[in-house]
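Thanks for making time this morning; I would like to walk you through a few places in this structure, one after another. Please have it open on your screens as I talk.

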Amino acid sequence: MSTQENARRSVSQLLQVLDLDASEARTTEDIFTGVSHAMPTGRVYGGQVLSQSLVAAERTLPEDRIVHSMHGYFLRPGDATQGITFAVDRIHDGRSFSTRRVQAFQGGVPIFSMISSFQDEDPGVDHAEPFPEDVPAPESLPSDDELIGAVHPITGRLLAERPADIRHVTGPLFLEVAGEHVPQQAVWMRMRAPMPDDPRVHRAALAYLSDMTIQESILRRHGITWQTPGLKVASLDHAMWWHRFGRVDEWMLYVQNSPNARGGRGLAQGRVYTRDGVLMATVAQEIMVRVPEL
């Protein structure tokens, strides 16, 4: 299969994952069901259940009421071989805002719980943190799968099968921590193939991408690679604010930093920009991070 065909296939699979089925079952909540990506670890990728929960919430709202924030907790590891049930509670519908709670279930127990808020477009004050200076263009950087594939072909192939092209400005953390051990990094990302024009699809796909690499500002500060023996990392919670629209099949810069780590937990923050400097979203995530004593 050619690289272009592989890219289209991986993005098509993501779109299938985001295309939830409406269930005929009804309680006091709206019920949807979905499937998972196959994962080497067997666990559901956190960004997947984030994006699917957003899609489920949006299915209960008119298209012109747009998500602006979500706050979610990862409760249990999900099984990527099993389906997921999404229960949407229509908490509130006001004149301008709506609130939804979504719980994702497997085996009768919740694996993820989220509250999200939606708003009609409104005029108002407008400012944004500026795009960082002196960031190299994505075309000048090798993709992560190219870098890793040169040393570990199997891992490189797995990365190449992701729907997103990821390019670290200072190098990925799979093999080594290049440069200074600082609590920040920048990553270019985009989907590998064109996406439908539907803005909801792009917002959900941005949620999917927001869970990729954000943990690394914590690891980079301490010189930890993903290959560190005994390393255990798990997402605890995830918050996201959508500010302005941008397409996820065009290059975006994910600027990340970690203000704090202690007690086996680390906090990471991120800002997502379009290539021409528009601030699309802000992200925050706390993770559990455990490294064996050396």
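Which residues does Asp211 touch, not counting residues up to four places away in sequence? Before I answer, please keep in mind that what you are looking at is a predicted model. With that said, Asp211 touches Tyr45, Gly46, Gly47, Leu50, Ser235, His238 and Gln285. You will find Asp211 in the loop between α5, residues 199-210, and α6, residues 216-221. Asp211 is buried and yet has no salt bridge, since the nearest side chain of opposite charge, that of Arg162, is 11 Å away.

Let me step back from that loop into α5 itself, which has 12 residues and reaches 16 Å from its first C-alpha to its last, close to the 16 Å expected at 1.5 Å a residue. Of those 12 residues, 11 are buried, so α5 is largely enclosed by the rest of the structure. Among the buried ones are Arg200, His202 and Arg203, together with Ala205, Tyr208 and Leu209. At the start of the helix, a side-chain oxygen of Asp198 comes to within 3.0 Å of the backbone nitrogen of Arg200.

Some of these names return when we turn to Met191, which sits in strand β8, residues 184-191, and which counts as buried at 2% relative accessibility. Leaving aside neighbours within four places in sequence, Met191 is in contact with Ala205, Tyr208 and Leu209, and also with Val11, Leu14, Pro163, Ala164, Val248 and Asp249. Its C-alpha lies 8.8 Å from that of Ile166, although the two residues are 25 apart along the chain.

Val11 and Leu14 lead us on to α1, residues 3-18, a helix of 16 residues that reaches 23 Å from its first C-alpha to its last, close to the 22 Å expected. The buried residues of α1 are Asn6, Ala7, Ser10, Val11, Leu14, Val17 and Leu18. Seen down the helix axis, these buried residues fall within an arc of 130°, so they line one face of α1. The face turned away from that buried side carries the exposed residues Gln4 and Gln16.

I will finish with a second aspartate, Asp30, which has its place in strand β2, residues 30-34, and is buried with a relative accessible area of 12%. The side chain of Asp30 makes a polar contact, at 2.8 Å, with the side chain of Arg90. Not counting residues up to four places away in sequence, Asp30 touches Thr60, Phe86, Ala87 and Val88 as well as Arg90.

Definitions and conventions: Residues are numbered from 1 along each chain as its sequence is written. This is a predicted model: local features need pLDDT of at least 70, side-chain atom pairs count only at pLDDT 80 or more; totals for chains, interfaces and linings use all residues. Side-chain values use heavy atoms; hydrogens and water are left out. Helices (H or I, at least four residues) and strands (E, at least two) are DSSP runs, numbered from the N terminus. The expected span of a helix is 1.5 Å times one less than its number of residues. Buried means under 20% relative accessible area, exposed over 50%, partly exposed in between (1.4 Å probe, protein chains only). The arc is that of the directions from the helix axis to the C-beta atoms. Lys and Arg count as positive and Asp and Glu as negative; His and the chain ends are not counted. A salt bridge is a side-chain nitrogen of Lys or Arg within 4 Å of a carboxyl oxygen of Asp or Glu. Contact means heavy atoms within 4.5 Å. A polar contact is a pair of N or O atoms within 3.5 Å; within protein, one must be able to donate a hydrogen and the other to accept it, and residues adjacent in sequence count only if both atoms are side-chain atoms.
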